[in-house]
Amino acid sequence: MRITVLGAGTMGHGITQVSAMAGHDVTLRDLDEDLVADGIDAIESNLDGGIERGKVTENEKSETLGRISGETDLETAVDGSDLVVEAVPEKVDLKKNVLSEAEAAVDEEVVLATNTSSLSVTELASTLDRPGRFVGLHFFNPVHIMSLVEIIVAERTTDRTREFAVDYVDSIDKTPVVVRDTPGFASSRLGVALGVEAIRMVEEGVASPEDIDNAMELGYNHPMGPLELTDVVGLDVRLDILEYLREELGERFKPPQLLKRKVRAGKNGQKSGEGFYIWEDGEPVAMSGEWGNR
């Protein structure tokens, strides 16, 4: 299969990597050559990490990179593709514009997908002339490690498109979960509900971020606590999701002031170096603020 991924950021280069590792030819497209290069560099770095851990061989790395090409021109990027995955930031208007441009550049049978964690796939489809071939593919960060992909079926998604999406997810050795297009889908709605309550507990002084995370990791067998996960996802991303879910589902998703303050201060988690934890080299080394060292 030939795949085009639109957007070379964290999710875009992750989707590119797992697709290429599964044997698909992938074009990674962004607006600027430097952004594309950064995305491919990140893929190479992930593969090097896999080699260090004994999960990837040198030959697998070489073959994976050989299946990836970078591009800035949209028409060139989507030429010959069977699947085009939009992976730009979680802004409705931006996604609609990118999807409209992509639809105009591809043949009628090409499947279009959006990687979104909470936005209405049906609303995004409203900008398309052929919404039946459109589907949501919610990948999880980090894409090359997380095994779940949520497939979101919009109001006008055809059975053929849904089946195509399931087959694609199976082909990249991920587990598909098919859900109806509702606010927050299944995973984001439940995950954010847990995360927002953990933030409120920190805000109220119930316990430290580390103790709350340890309680969920050790008591409920979660691989990562809700506050560390919020840092990994991005506090700004979590805030955007909460604001959207509050609008759609009500006040139980009202963002805590602590979350708003951290985002205003640029403390967006792992990617900025500080959120609920201090991060160095991709690892939490201390708790942020008054909670002191880990």
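Here are some short exercises, with worked solutions, on a predicted model of a protein chain.

**Exercise 1. Work out in which order the 8 strands of the open sheet are lined up, and which strands sit at the edges.**

Step 1: Read across the sheet from one side to the other, and you get S3-S2-S1-S4-S5-S6-S7-S8.

Step 2: Look for strands that pair on one side only; these are S3 (68-71) and S8 (175-180), the edge strands.

Step 3: Check the directions, and you'll find that the pairing is mixed.

Step 4: Follow the twist as you go; it averages 25° from one strand to the next.

**Exercise 2. Zoom in on S1 and S4: how many bridges join them, and do they run parallel or antiparallel?**

Step 1: Find S1 at residues 2-6 and S4 at residues 83-86.

Step 2: Count the bridges between S1 and S4, and you reach 4.

Step 3: Compare the directions of S1 and S4: the two run parallel.

Step 4: Pick out Thr4 and look across to S4, where Val84 stands opposite.

**Exercise 3. Find out which strands helix H7 lies across.**

Step 1: Locate H7 at residues 159-171.

Step 2: List the strands that H7 lies across: S1, S4, S5 (111-114), S6 (134-139), S7 (148-153) and S8.

Step 3: Take S6 as your reference, and H7 runs at about 30° to that strand.

**Exercise 4. Describe how H1 packs on H2.**

Step 1: Remember what you need: two packed helices are described by the angle between their axes and the distance between the axes.

Step 2: For H1 (residues 10-21) and H2 (residues 33-52), the angle is about 55° and the axes are 9 Å apart.

Step 3: Angles from 35 to 65 degrees fall outside the parallel and perpendicular ranges, so H1 is oblique to H2.

Step 4: Add the handedness: H1 and H2 cross in a right-handed way.

Step 5: Name the residues that touch. H1 brings His13, Thr16, Gln17 and Met21, while H2 brings Gly39, Ala42, Ile43, Asn46 and Leu47.

Step 6: Sort the residues of this contact, and you get 4 nonpolar, 5 polar and no charged.

**Exercise 5. Do the same job for H8 and H9.**

Step 1: The axes of H8 (residues 187-203) and H9 (residues 209-219) come within 10 Å and cross at roughly 140°.

Step 2: That angle makes H8 oblique to H9.

Step 3: The crossing of H8 and H9 is right-handed.

Step 4: Leu194, Ala198, Met201 and Val202 of H8 meet Pro209, Ile212 and Met216 of H9.

Step 5: Sorting the residues of this contact gives 7 nonpolar, no polar and no charged.

How values were computed
Residues numbered from 1 in each chain as written. Predicted model: local features only at pLDDT ≥ 70, side-chain atom pairs only at ≥ 80, totals over all residues. Heavy atoms only, no water. Pairing = 2+ DSSP bridges. Axes fitted to C-alpha atoms, helices over the stretch in contact; angles between N-to-C directions. Contact = heavy atoms within 4.5 Å. Parallel < 35°, antiparallel > 145°, perpendicular 65-115°, else oblique. Left-handed = near helix turned anticlockwise from the far one by under 90°. Nonpolar A, V, L, I, M, F, W, Y, C, P; charged D, E, K, R; others polar.
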